[in-house]
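The exercises below treat a ligand site first and helix packing afterwards. Work through each task with the structure in view before reading its solution.

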Amino acid sequence: MILATLRRIIQEVNAAGDLRQALDIIVQRVKVAMGTDVCSVYLTEPGSNVNVLMATDGLDVSSVGRVKLGARQGLIGLVSRRAEPVNLEEAPLHQAYHFVPETGEQPFHGFLGVPIIRHRNVLGVLVVQKREPHRFSEDEVSSLVTLAAQLAGAITHAEISGGLAGLVTGPEPVERVLKGQPGAPGVAFGEAVVVYPEADLSAIPDRLAEDPQAEEERFLRAVDQVRADLRRINDNIASVLSAEDRALFDAYMMMLSGDTLVNRTLERIRGGTWGAGALRDTIEEHARVFDAMEDEYLRERGADIRDLGRRILVRMKESGRSAEEYPSRTVLVGEELSALKLAEVPAERLVGVVSTTGSGTSHVAILARAMGLVAIMGVDDLPVSRMDGRDIILDGYRGRVYVSPSKAAQHEYRRLEKEEGELTRGLEDMRDLPSVTRDGKRIELHLNAGLLADFASLTAGADGIGLYRTEFPFMVRDRFPSEQDQYENYRKILETFRGRPVTLRTLDIGGDKALPYFPVEEDNPFLGWRGIRITLDHPDIFLTQLRAMLRASEGLGNLRLLLPMISEMSQLDEVMVLLCQAHGEITEEGCSVALPPVGVMVEVPAAVYQADRLAKRVDFLSIGSNDLTQYLLAVDRNNARVAELYDSVHPAVLLAIRNVVEAGARHNRPVSVCGEMAGDPAAALLLLGMGLENLSMSVASVPRIKWVVRSFTLDEARRVFTEAMTMEDTASIRAIANEALEKKGLGGLLRAGK
Ligand code: PEP
Ligand code: MG
């Protein structure tokens, strides 16, 4: 099968409205593309492993849904069990062959079945059959395998959205439970609001038109504007392009003036769909006709129609949702949630976020924790476009999303919510108690912060700010903040924490923290232009920030400076030159401040192996376990697919941290941990046992970790760590730490732990 055909089938399946349609498209198109007599899809029922015929082109259609083959029955069972292709010239001669009269299968001989696999699970089997004896070629096998791999995602997706689509008309909403990664702990009840990327038609959510008249007007206005845009572009390029090349614009104009596109959309709006949704459906309807054409030129027209649709959409979106239009318990749902999106919703109306990408250490999750929201990350089977307006429950402990929750789920989660309240009240008692181990060793607990909102709970009983992520205030603006803006921001923090150390980290953008006004497009952003690499290349940005920080500390003396992403010693030299320059400038301007202590983040493996050298040169080291884990284990901290492999108590990460702690001790430099692991009770216990005396975490974690600190002697913690280090795998290490917590009666923290 040629690649273009394969791609086209996948595209069509992805655009299908529900599972039924998706499966029908698969069987019809594959049968034609491979020139077989039959193509069928069996789906495996989870639990029973029974394979049910779900779609066929070539077998008796009335057997769809009725033919069910047990896990050990027939060739289908064989493919499913082995999880690999089975290619037979003479199927009836195979010992596993099982004749099913209802399908009218008798005359078929050539058989090729491939498993449809997603995340190690066999979802079903895709089969093609030929009347004649026929052994399929290597090429045919690999085409079908490729198709099955692509279809697995589409099937999962369509299955869920199909279920949801059914809800719209069905009398009883059916609960769906989707799995993701815990992003920020807690339980939230709310209403989904879909955030979709500008100009992406397929991401437009289903929504009812609140005011059809207004929607109609908005749509027609957008069409007029696009018409004017096209005319202008056409005039501009008249001298550059030949009339022939300009034909595209004529075609666009024709589509816009022709009645079908406009009228079909208006009909849909009048039928109750909101403007963007009506546009999406009309464009898809038109484009699909072209997609299915064999002629390449005509197929291209499908892309043109979508392009036109996007242009209209951009124009329609220019008037977005206003603050009051958000439901009182909004849960933002989307593929690419950003800090800016979170900031757009009035804080009192936002209760949670659900992201199809990312994991617990993504910055959106960190931000959500700081804002006291519940977050579920990496829900990759989420049918985003069908979610708008649905009731959902978020379980931020287990990483579950309940869509249209059943009465039972609602009841259960109300109970959990209550229990959580009790745990929080229990933890409140911790607030004013000192953070000392049972044998009297003081462990400093600091806060990770980044938004002024964090300061609402200053009374969290913390010793200072261990990590202030300065990029967050940069992310929620539409341009770089001025020196004065920054000064005011930093001054407020330093003043609030007067007498306690405040560690301001210099700008750490790049990676997954993009600024809307400073786009950095890279293939591997986490290995690219990020953190100190950007600020050293932009002394203008860096000096402004350093000046603002130094000025803000005047008369307070509690500023500490932290540098992200250091991998080279020379970067330290360059920073010192700029720091001295900024200090010289403000001194000249009459501001009197001492140079603050300077520390580096140990978050790149290179820094672990140079810990001794770094310790000699700086005043303190702060371990960024989020990035250190990602770089040591080669696991993208945002990639839900490999999230199971991401755990900071991995033995390699613990060994690396111990290396840094020992280097700090050799040179008499304090070492702290400021990544998310410091707020994870099991990991924190191991860090205590390793000898760390300074941990920095989000406000919500402080009481929990204080409880851990106060429950153990240092000796006990050391013993847990020593035992854990005899283990070879992450799960066993976690089990040992969890058991130690449970023995002390801290089991309740574990649910909220990771
Ligand atoms: C880290 O990497 O552990 C860290 C604290 O920094 P950030 O999460 O902001 O990258
Ligand atoms: Mg980091």
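**Exercise 1.** How many residues surround ligand 1, and which are the closest?

*Solution.* The model is a predicted one, and in it 17 residues surround ligand 1. The closest are R469, R505, G624, N626 and R637. Sorted by class, the shell around ligand 1 has 4 nonpolar, 5 polar and 8 charged residues.

**Exercise 2.** Which helices and strand each supply at least two residues of the shell around ligand 1, and which element gives the largest share?

*Solution.* Helix 11 (363–370), strand 16 (465–469) and helix 20 (625–633) each supply at least two residues of that shell. The largest share, 3 residues, comes from helix 20.

**Exercise 3.** Which polar atoms of H363, E603 and S625 lie by an oxygen atom of ligand 1, and at what distance?

*Solution.* Begin with the side chains: a polar side-chain atom of H363 lies 3.0 Å from an oxygen atom of ligand 1, and an N or O atom in the side chain of E603 is 3.0 Å from an oxygen atom of the ligand. Turning to the backbone, a polar backbone atom of S625 is 3.1 Å from an oxygen atom of ligand 1. As for cover, the protein takes up 100% of the 290 Å² of accessible area that ligand 1 has on its own.

**Exercise 4.** At what angle do helix 20 and helix 21 pack, and how far apart are their axes?

*Solution.* Helix 20 and helix 21 (residues 651–666) pack at an angle of about 120°, with their axes 10 Å apart. Because angles of 65 to 115 degrees count as roughly perpendicular and those over 145 as roughly antiparallel, helix 20 is therefore oblique to helix 21. The crossing of helix 20 with helix 21 is right-handed.

**Exercise 5.** At what angle do helix 22 and helix 23 pack?

*Solution.* For helix 22 (residues 681–690) and helix 23 (residues 702–711) the angle is about 45°, and their axes are 10 Å apart. Helix 22 is therefore oblique to helix 23, and the two helices cross in a right-handed sense.

Conventions: Residues are numbered from 1 along each chain as its sequence is written. Chains are lettered from A and ligands numbered from 1 in the order in which they are written. This is a predicted model: local features need pLDDT of at least 70, side-chain atom pairs count only at pLDDT 80 or more; totals for chains, interfaces and linings use all residues. Side-chain values use heavy atoms; hydrogens and water are left out. A residue is near a molecule or strand if one of its heavy atoms lies within 4 Å of it. A polar contact is a pair of N or O atoms within 3.5 Å; within protein, one must be able to donate a hydrogen and the other to accept it, and residues adjacent in sequence count only if both atoms are side-chain atoms. Accessible areas come from the Shrake-Rupley method with a 1.4 Å probe; for residues, only the protein chains shown count as cover. Helices (H or I, at least four residues) and strands (E, at least two) are DSSP runs, numbered from the N terminus. Ala, Val, Leu, Ile, Met, Phe, Trp, Tyr, Cys and Pro count as nonpolar, Asp, Glu, Lys and Arg as charged, and the others, Gly among them, as polar. Axes are lines fitted to C-alpha atoms, for helices over the stretch in contact, and angles run from 0 to 180 degrees between N-to-C directions. Angles under 35 degrees count as roughly parallel, over 145 as roughly antiparallel, 65 to 115 as roughly perpendicular and the rest as oblique. A crossing is left-handed if the near helix is turned anticlockwise from the far one by less than a right angle, and right-handed if clockwise.
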